[in-house]
Structures are given as C-alpha cells and as structure tokens.
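Trainee: I am new to this structure and would be grateful for a close look at one part of it. Could you take me through a single strand and its surroundings, step by step?

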Amino acid sequence: MTITTSRTLDSLDGRIILALDKDPEASALALSRTLGVARNTVHARLARLERSGALRTFSRRLDPAALGYELTAFLSLHISQTRAGSVENGLAAIPEVIEVHATAGDADLMAKVVARGTSDLYRITNQILEIDGIQRTSTAISVLELMPPRFDGLLARLSEQESRTAD
C-alpha cells in the first residue's frame, strides 16, 4: 500500500527533517532550540509528517548487509495485467523483496531484492516466478551502491527557495 502525503512540505518541514538527519535522536525540545521555533510547533509538525506518510519508518534507513544480505539485485518483472493483485500480494509475502515500483517501459514492475548471495538470489527469483501472474523476469545485480537514496539537497533547495521568497 502506497501512502501519499496530503500536502507539500514547506521550508520549516525541510529544516526539521535536515536537523533530524544531522541528529536522529534529537528531541522536539532540542530541535526547537536548534531551529529557533516553539517546541509545540516542532512536535505538531513531526506528528503531521508521520501521519501524512512524508516521514517513513525508521527501518528504511537500515543497511541490508547488517542483516546478512550482502547482495542487492533489481528484477524487471513482466506480469499478466489481469493478475496484478495476486502479483502484488505474492511479492509482499517475500521478505527479501524490499521495494517494488510500477514502471513504464519494457517491464511492468521493478523489484529491489536483497539476498545472502547468488544461490539465495536464485531461490528468491524462483519463488517470484512461482507467483501467479508473473510471466518472466530479468535480473541485474548491483555490484556497488555508488549513491544511496538522498534527499538533503532537495530539502536544502526547499529551504532556500522559501527563504528567498520571504525576502
């Protein structure tokens, strides 16, 4: 299930998230002092960001290698469109499938999968192929993560744009 935010983030939201990136254990009081805003404002903003889905779960920051999953692969999945629901449920039932995107282009879905090694990836791929509605897959193995997911540049731009419009 995809959660979408109910509204666009503003400059203060961006500043709060950037401050949390620098100190993930910071309390609302510490953030309020750092940012120069009321503690209740920070607390309310954080609650709204969590409710709206703008702030995702903490586990999304985890490195799969810390759990023993050293290999990351991207699977292009071709599916029977009439079986999309069973495909989604089947993929969700496989813990090593950590991300799935519906795509435009050659494949219908793109799945990010973690595995303990190539033989484990083979097992996972076969498990995916057994899902009703999966027609075929194509696998690309990541040899090195050159750039992890990042949002600090976008958040900084948001803060800069809004402070420029306030001048």
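Mentor: Let us start at one end of the part in question, where Arg116 lies over the face of Tyr69, at 4.3 Å from the ring centre. Please keep in mind throughout that this is a predicted model. Aromatic pairs are not part of the picture, for the structure holds zero of them.

Ala115 has its place in strand 3, and strand 3 comprises residues 109-115. This strand will be our subject. Its setting is an open sheet of four strands, arranged in the order 2-3-1-4 with antiparallel pairing. The edges of the sheet are formed by strand 2 (97-102) and strand 4 (134-142), each of which pairs on one side only. On average, and with direction ignored, neighbouring strands of this sheet are turned by 20 degrees against each other. In general, the strands of a sheet pair through backbone hydrogen bonds, and the pairing may be parallel or antiparallel.

Consider the two partners of strand 3 in turn. With strand 1, it pairs in the antiparallel sense over seven bridges. One example of a position in that pairing is Leu75, whose bridge partner in strand 3 is Ala111. With strand 2, it is joined by five bridges, and these two strands also run antiparallel. Here several positions can be followed on the model. Val97 stands opposite Val113, Glu99 has Lys112 as its bridge partner, and Val100 has Ala111. Ala111 is thus a bridge partner of Leu75 and of Val100. Strand 2 and strand 3 together form a hairpin with six residues between them. In the turn of that hairpin, Gly105 has a positive phi of about 125 degrees.

Helices complete the surroundings. Helix 4 (residues 84-92) lies across strand 1 (71-79), strand 2, strand 3 and strand 4, and it runs at about 165 degrees to strand 1. Helix 5 (residues 118-129) also packs on the sheet and touches strand 1, strand 2, strand 3 and strand 4. The direction of helix 5 makes about 155 degrees with that of strand 4.

Is strand 3, then, enclosed or open to the outside? Five of its seven residues are buried, so the strand is largely enclosed by the rest of the structure. Ala115 illustrates this: because its relative accessibility is 0%, it counts as buried. Leaving aside neighbours within four places in sequence, Ala115 is in contact with Tyr69, Glu70, Leu71, Asp120, Leu121 and Ile124. Tyr69 is therefore worth locating again on the model, since a charge counts as sitting over a ring when it is within 6 Å of the ring centre and within 35 degrees of the ring normal, and Arg116 lies over the face of Tyr69. Leu12, by contrast, is far from Ala115: the two are 103 residues apart in sequence and 39 Å apart in space, C-alpha to C-alpha.

Val113 leads us into the interior. In soluble globular proteins, nonpolar side chains tend to be buried together. The largest nonpolar core here has 18 residues, and Leu75, Leu77, Leu91, Val113 and Ile128 are those that touch the most other members. At least two residues of this core come from each of strand 1, helix 4, strand 3 and helix 5. Strand 1 gives the most, with five residues. Not counting residues up to four places away in sequence, Val113 touches Leu71, Thr72, Ala73, Leu75, Glu96, Val97, Leu121, Ile124 and Ile128. A second, separate core of ten residues includes Ile16, Leu31, Val42 and Leu46.

For comparison, let us turn to an edge of the sheet. Ile141 has its place in strand 4. Its relative accessibility is 44%, and it therefore counts as partly exposed. With residues up to four places away in sequence set aside, Ile141 touches Leu71, Thr72, Ala73 and Leu121. Among these, Thr72 is 69 residues away from Ile141 in sequence, yet 6.2 Å away in space, C-alpha to C-alpha. Leu71 and Leu121 touch Ile141, and they also appear among the residues that touch Val113.

Key
Residues numbered from 1 in each chain as written. Predicted model: local features only at pLDDT ≥ 70, side-chain atom pairs only at ≥ 80, totals over all residues. Heavy atoms only, no water. Phe/Tyr/Trp six-rings, centres within 6.5 Å; stacked < 30°, edge-to-face > 60°. Pairing = 2+ DSSP bridges. Axes fitted to C-alpha atoms, helices over the stretch in contact; angles between N-to-C directions. Contact = heavy atoms within 4.5 Å. Core = buried A, V, L, I, M, F, W, Y, C linked by side-chain atoms within 4.5 Å. Buried < 20%, exposed > 50% of the residue type's maximum accessible area, 1.4 Å probe, protein only.
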